[in-house]
Amino acid sequence: MAGKKIAVLSGKGGTGKTLVAVNLAAAAKNSCYVDCDVEAPDGKLFFRPEIAETKEVCVLVPRIDLSECTACKVCVEFCRFHALAFGKKPVVFDEVCHSCGGCALVCPQKAIKETARIVGMIEKGVSEGVQTFCGSMNMGEATGVSVIRQLMDSVKNETRLTVIDCPPGSACSVMESIREADYCVLVAEPTVFGAHNLAMVYELALLFKKPCGVVLNKCGDGNNPSREFCLQNGIGILAEIPFDSALGKLNSEGKIAVRVDYPKKELFFALLARVREAAE
Amino acid sequence: MKIAIPVNESDMKSEVCPSFGRAPYFLLYDTSTKESIFIENPAANSPGGAGIQAAQTLIDQGVKVIIAPRYGENAAKVLIDGEVKVYKNLPGSAESNLAAYQDNRLEYLADIHPGFHHHGR
């Protein structure tokens, strides 16, 4: 039987996605952790996994045989991403290309061949029973979607609980990360800005018809616009993580709260139980 | 020869648009016929690759000179390949910049903007 896949996401960076995702996976003990935040992959700083396998991620990009090209510009007109242009000769923008292969299909001269280009890497490892899959993209790459797609492919048939640490925001890379998720955990800060970003990821979860709940992070005294948003929209609050300097210190040292002697670590086990129940 | 200027409005008095790729219109001026026309920039609302598409549009129109405040790396690659020269505009209208170009008062635009690509993720 396939294990449940839990995506942890937030509308902005620095909200606590990695804190929540790492602690959920570590609390589950026999689980998988997938770091889809390939632009800033920091899950491995916490898990410090023993690397068992490293794999390059490649995408296909067009290469045009200039001796065959007749300057018809059919490929330029076809490419909706504008990855191809033609001045005096064809110009290819590898970073803009989405690897659809359409240009090679439409070229009447068959002058376009697709060749592999390395865009990133996946490291598979293990950390105290947690299987880790960490993706990273090469410097200068415009999109991590291809790395994320391959990451998610690696855990397609996983039977254990899988926690997906998503990139921030609600754009393509997040959509790719939550596509296969059974449940979404939305992490939110207690600010007006935090509530605004929560609204964006909530809309995304609705769009993808994913059941979801909210973890309120950095909770202190005073009003919490993110909590108000949850109450107004009838969204379940899964946990409230206090604004706690001890937790902040642990985190800054790359320690995992549930694996050390953190007095409030029960909250992550309780969160795991609620998420498991909700994902069923 | 055709000269293009990115403009905010389809009007000779329009200011030069600060964005090349996402300018709403281009003024096209033909030095041989002395005719000015305005075309809509198909890349103005493009989700990506706007500079490339805008540059391609102007090359397809036969433009050889562009007057603009700045342009991006991707647009530059296409324009260099298309042997299009880019000059930096002076403050003022599209019309006054055309005059400035014809009086040799404009300088080559050397600095290429690295672009705002993907900063919002």
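**Exercise 1.** Through which helix does the chain cross from E4(B) to E5(B), and is this β-α-β crossover right-handed or left-handed?

*Solution.* Keep in mind throughout that the model is predicted. Begin with strand E4, residues 63-68 of chain B, and strand E5, residues 85-88 of chain B, which run parallel and are joined by four bridges. Next, follow the chain from E4(B) through H2(B) to E5(B), a β-α-β crossover that is right-handed. Finally, look for a pair of residues in these two strands: Ile67(B) has Tyr87(B) in E5(B) as its bridge partner.

**Exercise 2.** Work out the order of the strands in the open sheet of chain B, and name its edge strands.

*Solution.* The six strands of this open sheet stand in the order E3-E2-E1-E4-E5-E6, and their pairing is mixed. The edge strands, each of which pairs on one side only, are E3 (35-40) and E6 (107-108) of chain B. At the E6(B) edge, two bridges link E5(B) and E6(B) in the antiparallel sense, and here Tyr87(B) stands opposite Tyr108(B). As a last step, find helix H3 (residues 94-102) of chain B, which lies across E1, E2, E4 and E5 of that chain and runs at about 145° to E1(B).

**Exercise 3.** Describe the side of chain B that touches chain A.

*Solution.* Start with the contacts, in which 17 residues of chain B meet 17 residues of chain A. Two elements of chain B, helix H1 (50-60) and helix H2 (73-81), give two or more residues to this side, and the largest share, five residues, comes from H1(B). Sorted by character, the residues of this side of chain B are four nonpolar, nine polar and four charged.

Terms used. Residues numbered from 1 in each chain as written. Chains lettered and ligands numbered in written order. Predicted model: local features only at pLDDT ≥ 70, side-chain atom pairs only at ≥ 80, totals over all residues. Contact = placed C-beta atoms within 7 Å. Nonpolar A, V, L, I, M, F, W, Y, C, P; charged D, E, K, R; others polar. Pairing = 2+ DSSP bridges. Axes fitted to C-alpha atoms, helices over the stretch in contact; angles between N-to-C directions. Right-handed = clockwise from strand over helix to strand, strands pointing away.
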